[in-house]
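Visitor: Could you walk me through this one? I'd like the confidence picture and the helix packing.

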Amino acid sequence: MSFTELLQAIVDGILTGGVYALMAAGLTLIFGVMDIINIAQGVMVILGAYLSFELSVHLGIGLLPGLLITVPLMFALGVAIEFCFMRRLRDQDRTQMSILVTYAVAIVIEGVLTALFGVDYVQLQASYVNSSVHMLGFYLPDIYLIGFALAVALLIGLYYGLYRTKFGRAVRASLQNRTAADLIGIDVNRVRTISVGIGVGVTAVGGMVFGATNSFNPNTGYDLISRLLAIVILGGMGSIGGAMAAAVFLLVINDVVAVAWSPTWAPLIYFVALVIVLSVRPQGLFGRTAARAQ
Amino acid sequence: MTARPSSPPPAAGAAPTPPRRALTAGTIVVALAVFVIFPLVVTDPSTTSIAVFALVFMVAACAWNIFSGYSGYLALGHAVFFGSGGYAVALAARDWHVAGGWPVFALLPFGGLVAGLIAIPVGLIALRTRRHTFVVVTIAIFFIFQLAAFNLGFTGGTSGILLPLAPFSAANFNQPFYYVTLIILILTVIVSWMVRRSRFGLQLLAIRDDEDRALGLGVKTRRLKLTAFVISAIPVGMVGGLYFDFVGQIFPQFAFDPLFDLAIALMAFLGGLGTLAGPLLGALVLESLQQYLTQTFSSNATYLIAYGVLFLAVILIMPRGVVPGVSEWLARRRARAALEPPPSEREASGVGGSSGLAGAAR
């Protein structure tokens, strides 16, 4: 492996890491606000990819303009799922039950996708999917650059929304202590619904980029959710910055191992890295140790 | 701790009244008789093969419950033990040239042993963490095993390993598999029951309710959790060997199947986490239903949707599982009938009602 190859692998890892960070940010936001682990996040990304696929193949709407349609659709789906299922879970065993409920939701979505599209692998096509730019000695595929730019823009937007707006303050308050947030007049239920909507809405963007860089079928969601969960846990549950750092860290490791050793072993190293880090720091890289509940 | 499961099945002080104990014993005898007689009455191979699968999952769910149900640690990686047991038996049969049928069955304890040995380092690593981190670590370890099975040479990779064909007659091919699984199931249930009514089981329940407090009161939590983890892995490894012997071959994607991880958790949840009868009931109903739906709907999609919707409906209607849900309902009804609060909700687990003796056993 030459030095250039190594650098190329690191750059690829950072670019794909950005996109994973975006998908994981949705997951970590939902967890932070709701204490809910959304197992369906992976299949929702695939759903977002299929929506983009439908729009571009049948209606001739390009991938990027199509986001104006798919993001609101996914937002609405998130709101509906929060309203129908997540809201009903009792506080007591919410996290555990949420795994089951969202898993059931994932199965239903997977079933619907299988019924509509079958199990053949497809990939999103656009003029910028297969082109690349040559910059500073690296070949950078356009779609990776676009995906990275979109991810960074959205993450900055998310960050700004959370830390500079009144709604963001309400979200963070509900995240820290929902009873206290309730007492000072924050409509916690509304905050939760919108947060889940946002968390699911970003999967439309993630799905578009994922679908353009990978071939997928309704089953791909399971591989994806395990990776996203790894990112979220490594970053520390509920921490968006942690999710970004963890995504880039894991994807760089993944890509470097793929180049240096073999692509078949890269995913294994990905999970080994996760297990090692968590054995040393069980709360994740940026997570805080939870206070003991009384 | 938000991950704390629903209130523990109350370990009551009073022993069940004699008629109730007789009723429980009667239920067990009848259930056992039905299971023993079933393949003699129903000989249709497609039905008996569903029965074998159902029994395999009953063992897996019951064993999973010994760790996750009692200790409250949600492990989503038990397919590691299912697959490891399967590979141990398949590799042993191939390399030691074991004939199909009963000789392979004799290898099943070896499969359980391998699964138990693997559970020790896995448990040591995973049990350093708690709650949702623990869940994700078990998932990650699961994927490490799956990817290793794909990539290591001795597993045969994606082409898998064939197991020797059992020399049973075509008409009664399923019967030996059925009875062997039934024996493993009975042993697993006995172990689960013994754990539940022992001091060890009470300490596990204490960990579930409040681990820090249990630790403070002198419960050796780490050692206990690891022991329960290993105990729960062994039966899963044994039925893993049997399952792939029954199917005839083993591939990485079936040996280490993420759906298996979730399926047994789901079965235990639907039946009633931490009860003795719940996981058995959940596995029996869900696995039979799943196999039936797969056979009925040729389309995978219809089956997925039906399964998912049903699953959502049950979770939303009975969030604590069927067995606690039904027994609560019965207790309420009894209470209304007697116009006084129920003396105790001791019989909180149907067939496993005797498990409520846990407190009295000390």
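Guide: Sure, starting with where the chains meet: 41 residues of chain A are in contact with 39 residues of chain B, contact meaning C-beta atoms, placed from the backbone, within 7 Å. This is a predicted model, where local features need pLDDT of at least 70, side-chain atom pairs count only at pLDDT 80 or more, and totals for chains, interfaces and linings use all residues. Residues are numbered from 1 along each chain as its sequence is written, while chains are lettered from A and ligands numbered from 1 in the order in which they are written.

Visitor: Which helix gives the most to the side of chain A that touches chain B?

Guide: Helices here are DSSP runs of H or I, at least four residues, numbered from the N terminus. α4 (94-117), α9 (221-235) and α11 (266-280) of chain A each supply at least two residues to that side. The one giving the most, with 15 residues, is α4(A).

Visitor: How do the residues on that side of chain A divide by class?

Guide: Ala, Val, Leu, Ile, Met, Phe, Trp, Tyr, Cys and Pro count as nonpolar, Asp, Glu, Lys and Arg as charged, and the others, Gly among them, as polar. On that side of chain A, the split is 25 nonpolar, eight polar and eight charged.

Visitor: Are α4(A) and α14(B) roughly parallel or antiparallel?

Guide: Axes are lines fitted to C-alpha atoms over the stretch in contact, with angles from 0 to 180 degrees between N-to-C directions. The axes of α4(A) and α14 (residues 300-317) of chain B come within 8 Å and cross at roughly 155 degrees. Under 35 degrees counts as roughly parallel, over 145 as roughly antiparallel, 65 to 115 as roughly perpendicular and the rest as oblique. So this pair is roughly antiparallel.

Visitor: What about α3(B) and α6(B), parallel or antiparallel?

Guide: Helix α3 (residues 79-95) and helix α6 (residues 131-151) of chain B pack at about 30 degrees, axes 9 Å apart. In their contact, A79(B), V80(B) and G83(B) meet I141(B), F142(B), F145(B) and A149(B). These two helices are therefore roughly parallel.

Visitor: What does the pLDDT of chain B average?

Guide: pLDDT is the predictor's confidence in each residue, from 0 to 100. In chain B, 87% of the residues score at least 70. It is below 50 over residues 1-15 of chain B, and stays under 50 over residues 345-362 of chain B. The chain B average is 80.

Definitions and conventions:
Two residues are in contact if their C-beta atoms, placed from the backbone, lie within 7 Å.
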